[in-house]
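Trainee: I would like to go through this model with you. Let us take it piece by piece.

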Amino acid sequence: MTFNQIINYADSVKPNPFDESTKLSWLCEAEGLVRSEIMRQSAENIPETVLATGTPSAHAPYARLYSYYLFSMIDFLMADYDSYKISSEMFEKAVEIYAKW
């Protein structure tokens, strides 16, 4: 799954007013977290790497953490705090599962 596919999936299940570049920047944040906190790699230049490769470090079935991160950002910025609580918990749980792997 590529970052563009993740964005397309998020847009299909959670329609939102945010443009692709905004969502890509959020995915860069999530990728930075995966690389620095889980993989213990340098998180420098994540945006350039994401744009160059288009593929997340976490692959299926763990790649869903990126969708959950997009959901949580969309919910938060749309001031849907009940949904934000759920989507951020889903993101945190997905990261926890990936980190254990």
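Trainee: How many helices and strands are there in the chain?
Mentor: First, the ground rules: this is a predicted model, where local features need pLDDT of at least 70, side-chain atom pairs count only at pLDDT 80 or more, and totals for chains, interfaces and linings use all residues. Residues are numbered from 1 along each chain as its sequence is written, and side-chain values use heavy atoms, with hydrogens and water left out. Helices (H or I, at least four residues) and strands (E, at least two) are DSSP runs, numbered from the N terminus. Along the sequence the pattern reads α-α-α-α-α, and the count is 5 helices and 0 strands.

Trainee: What percentage of the residues in the chain is buried?
Mentor: Buried means under 20% relative accessible area, exposed over 50%, partly exposed in between (1.4 Å probe, protein chains only). The chain has 101 residues, and the buried share is 40%.

Trainee: What is the accessible surface of the chain?
Mentor: Areas come from the Shrake-Rupley method with a 1.4 Å probe; for residues, only the protein chains shown count as cover. Carbon and sulfur atoms hold 54% of the surface. The total is about 5,900 Å².

Trainee: Among contacts between residues at least 6 apart in sequence, what percentage joins residues at least 24 apart?
Mentor: Contact means heavy atoms within 4.5 Å. With that cut-off, the share is 61%.

Trainee: Where does Asn 16 lie, and is Asn 16 buried or exposed?
Mentor: Asn 16 sits in the loop between α1 (3-13) and α2 (20-38). Its relative accessible area is 19%. That is under the 20% limit, so Asn 16 is buried.

Trainee: Which residues does Asn 16 touch, not counting residues up to four places away in sequence?
Mentor: Two of these neighbours also make polar contacts with Asn 16 through side chains: Asp 11 at 3.0 Å and Lys 23 at 3.2 Å. A polar contact is a pair of N or O atoms within 3.5 Å; within protein, one must be able to donate a hydrogen and the other to accept it, and residues adjacent in sequence count only if both atoms are side-chain atoms. The residues touched are Asp 11, Lys 23 and Ile 74.

Trainee: Which side chain does Asp 11 join in a polar contact of 2.6 Å?
Mentor: Asp 11 lies in helix α1 and is partly exposed at 28% relative accessible area. Leaving out residues up to four places away in sequence, Asp 11 touches Asn 16 and Lys 23. The 2.6 Å polar contact is with the side chain of Lys 23.

Trainee: Within what arc do the buried residues of α1 fall?
Mentor: Phe 3, Ile 6, Ile 7 and Ala 10 are buried in α1. Seen down the axis, they line one face of the helix, because they fall within a narrow enough arc, taken from the directions from the helix axis to the C-beta atoms. On the other side, Asn 8 and Ser 12 are exposed. The arc is 100°.

Trainee: How many salt bridges does the structure hold?
Mentor: A salt bridge is a side-chain nitrogen of Lys or Arg within 4 Å of a carboxyl oxygen of Asp or Glu. One of them joins Arg 35 and Glu 31 at 2.7 Å, N to O. Both of these residues are buried. The structure holds 6.

Trainee: Why are Arg 35 and Glu 31 separated by about one helical turn?
Mentor: An α-helix has 3.6 residues a turn, so residues three or four places apart point the same way. Both residues are in helix α2, and the separation is about one turn because they are 4 residues apart.

Trainee: Which residue forms a salt bridge with Lys 85?
Mentor: The two partners lie in helix α5 (residues 81-100), 4 residues apart. Their closest N and O atoms are 2.7 Å apart. The partner is partly exposed, with a relative accessible area of 40%. Lys 85 pairs with Glu 89.

Trainee: Which residues do salt bridges with shared partners join into one network?
Mentor: Lys 100 and Glu 96 meet in a salt bridge of 3.4 Å, N to O. Lys 100 counts as exposed at 65% relative accessibility, while Glu 96 is partly exposed at 36%. The network is Lys 93, Glu 96 and Lys 100.
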